[in-house]
Amino acid sequence: MDILIQQFVNALSLGGTYALLALGLAMVFSVLGLINFAHGDLMTLTGYAMFFAIGAGLGLPLAIVLGIACATLAAVAMERVAFRPVRDANTATMLLTSLAVSTILHMLFQNLISARPRAIPVPSWMIGAVDVGGLAIGVIQLMSITATALLLIALSVFLRRSILGIAMRAAALDFPVTRLMGINANAVVATAFGLSGLLAGVAGVLWLAQRGSVDPLMGFLPVLKAFIAVVLGGLGSLAGAVVGGFALAFIEVFLRAFLPDGWLPFRESITLTLVIVLLLVRPEGLIGRRENVR
Amino acid sequence: MFRASTTRIAAVAAGLVAAGGVAQGDSHGITIGYAGGFTGYLAPYDQPSLNGVQLALDQINAAGGIMGMPVEIVVKDTRSDTAQAAVVAQELIDEGVVAMIVSCDVDPAVASGVMAQAAEIPSASSCASTPTLPAAVGPYMFSNYTADNLQGAVLAEYARGQGYENAYILLSRDTPYTEKLPEYFGEAFEAMGGTVVAVGEYTMGQQDFSAEVTNIGGLDPSPDVIQTSAYEPDFPAFIKQLRAAGIDTPVLGSDGIDSPTTFALGDVAEGVVFSNAGFASPGSALEAFEMAYEEKYGMPNDTVFTATGYDLMMVIAAAIEAAGSTDGPAIRDAWDNLENVQVATGSITYKDQNRVPVRVVALNQVSGGERVHVGDFSPDSSMIPAP
């Protein structure tokens, strides 16, 4: 029973980072219909900002703030420079643009900073574990769960109470009609990108604290996981992205913990097979809404 | 930082010019080709290798070249793509290279190697460590880097020497390196009388090792030592979560963790022992290499792949010199018979080794954020698991 609860906490903490990333992807998708494959590279930018900030002697707390700010600003800049010019083009054009942005960033990191990983030292108190009712919960795990919970609460307040938040939810349902209501499209899109950058920055800090280094290609795998989470939860649904992130983490952690040894090599295939089965049963995703056919 | 950046831009620009098909040198020079992954997932290995190769070239040319002829290198980027590796190799062959350096990973190395094999031009992978690579391509393909089975044997010998009886190995089937090296370790460890109590598996890039760590904590008998060839980002994540769970079993790693990240991990990495291609002890050739490297590039060397790139260029020069000719078959035969070539990491012998070199393996320990030399090892060949 203890091991079950322990693995539950493990899945909750991993699901937190998946959910943050997936929510960022879903936020941009809901307003633009674009899956931004350069989303993971915002985590990488967070890492390099932290690396240079620590190198300049600014200390970890300031480095974390700068790292998250850097990802947020970069996301807004990315929208302004790369996506706004092609906003009215079809979605395939935007998808290719996002892959191009990602590739260009990889090349810039590799050739202007370093192809080798750069170390980001993490203070030792972050590495320990705290004892909660007989469960060993890592400090980073605890930070991850707390940060996810706080951000999700703050976001849902923003989306429900502020004009821009309500406009974003409306845009997710029907962008043209939202614009007819007098909402500035650029403001909605820029806010969606800014928030996705903020979420990527926080997820980046949590992931960097575990891995201890930043390298040019580190954003690629997380964005794939987030993409799976978004599809699983339901494309276009913000709540779905969060649920999808946690669902993916639970499937992964429980398979790794409880599969018999001989089955371990197939854990990834089993994870993806489960995702496909879920999508066969619910093609619109776990919380996705059915498309209205008129 | 700025100087480093400009040299990198210069290196990339040089590659672009070469790819543009600018005429290569005069008819009296010797041309070597490098088909490497300078962008993409191999860049962390092939970029430093290229830096080492270029340093070696500078020294070779300053000393009068090979057989009195100047040497130059044509560098082409494979973008870490296996199909492109074959295309680029053919382009290099068409430009008349007499020997070729190919990518650090097995798949693109094979793709380039078979082209060179067909053209009877000797080639070697910069740092692929899978010992079966040369046999997979043919007699014109050589290895350069410390082979996985050699590292596994040295680590096993060390582990048994420390009196460890039970080992846990953690491997990933995502690459031959992360899968085979721990398996070679396990094989050698059991051949020396130890027991592998359990084998764990991970996926590269997995953030969360809590399931594996929980399993290790529950093992009976509990392991005396843990061996893994995981490298960053997997190794830091694993060892942080292992130590956070209160498990203080000694951990043995391999050369993949020879990186500044490992030394910046603090307390969790204290005492970790890992193998690599050499230790820069005072007065050693490697120390001289490190100083020359810093002088040329304006920043300290932070990886051993620069030194092994340098070594490979020196081996190629020695092979051509010994052949006394730029004829492919003659260079191949001379290369296959090289003995005790003095290089940055020590000495390299190819004679009677089926094109997988014998070279020294150094063991290092992480202590107080610094690297401490445990010793240099050359295990008896009967102790090295068959590839």
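Which residue stands opposite B:Ile169 in β7(B)? The legends below, for close-up views of a predicted model, begin with that position.

**View 1. The parallel pair β6(B) and β7(B), with the helix that links them.** B:Val199 is the residue of β7(B) that stands opposite B:Ile169. The two strands run parallel and are joined by 6 bridges. Between them the chain passes through α7(B), and the resulting β-α-β crossover is right-handed. Helix α7(B) comprises residues 176-191 and lies across β6 (166-171), β7 and β8 (225-228) of chain B. Relative to β6(B), the helix runs at about 165°.

**View 2. The open sheet of chain B.** Seven strands follow one another in the order β7-β6-β8-β9-β10-β14-β15, and their pairing is mixed. The edges are formed by β7 (195-201) and β15 (370-377) of chain B, each of which pairs on one side only. From one strand to the next, the twist averages 25°. At the β15(B) edge, the partner strand is β14(B), residues 361-367, and these two pair in the antiparallel sense over 7 bridges. One of the positions to inspect is B:Gln365, whose bridge partner in β15(B) is B:Val372.

**View 3. Strand β10(B) and its two neighbours.** On one side, β9(B), residues 251-253, pairs with β10(B) in the parallel sense over 2 bridges. Here B:Leu252 has B:Val273 as its bridge partner. The pairing of β10(B) with β14(B) is antiparallel and extends over 4 bridges, with B:Asn276 bridged to B:Ala362 in β14(B). In a regular strand, side chains alternate between the two faces of the sheet. In β10(B), residues 273-276, B:Val273 and B:Ser275 lie on one side and B:Phe274 and B:Asn276 on the other. These four residues are all buried, and both faces of the strand are thus covered.

**View 4. The surroundings of B:Phe263.** This residue lies in α10(B), a helix of residues 260-263. Its C-beta atom has 20 others within 10 Å, and B:Phe263 is therefore buried, since the criterion is 20 or more. Leaving aside residues up to four places away in sequence, B:Phe263 touches B:Val366, B:Gly369, B:Glu370 and B:Arg371. B:Phe263 and B:Glu370 are 107 residues apart along the chain, yet their C-alpha atoms are separated by 6.4 Å.

**View 5. Two buried helices, α12(B) and α8(A).** Helix α12(B) consists of 19 residues, 305-323, and reaches 27 Å from its first C-alpha to its last, close to the 27 Å expected at 1.5 Å a residue. Because 17 of its 19 residues are buried, α12(B) is largely enclosed by the rest of the structure. Just after this helix, B:Gly324 adopts a positive phi of about 65°. In chain A, the end C-alpha atoms of α8(A) are 38 Å apart, which agrees with the 39 Å that its 27 residues should span at 1.5 Å a residue. Of those 27 residues, 22 are buried, so α8(A) is also largely enclosed by the rest of the structure. The residue that follows α8(A) is A:Gly212, with a positive phi near 75°.

**View 6. The contact between chains A and B.** Chain A contributes 36 residues to the contact and chain B contributes 38 residues. On the side of chain A, at least two residues each come from α1 (2-32), α4 (91-113), β3 (135-138), α8 (185-211) and α10 (238-258). The largest share, 6 residues, is supplied by α1(A). By class, the residues of chain A that touch chain B divide into 19 nonpolar, 12 polar and 5 charged.

Definitions and conventions:
Residues numbered from 1 in each chain as written. Chains lettered and ligands numbered in written order. Predicted model: local features only at pLDDT ≥ 70, side-chain atom pairs only at ≥ 80, totals over all residues. Pairing = 2+ DSSP bridges. Axes fitted to C-alpha atoms, helices over the stretch in contact; angles between N-to-C directions. Contact = placed C-beta atoms within 7 Å. Right-handed = clockwise from strand over helix to strand, strands pointing away. Nonpolar A, V, L, I, M, F, W, Y, C, P; charged D, E, K, R; others polar. Expected span 1.5 Å × (residues − 1). Buried ≥ 20, exposed ≤ 12 C-beta atoms within 10 Å, placed from the backbone.
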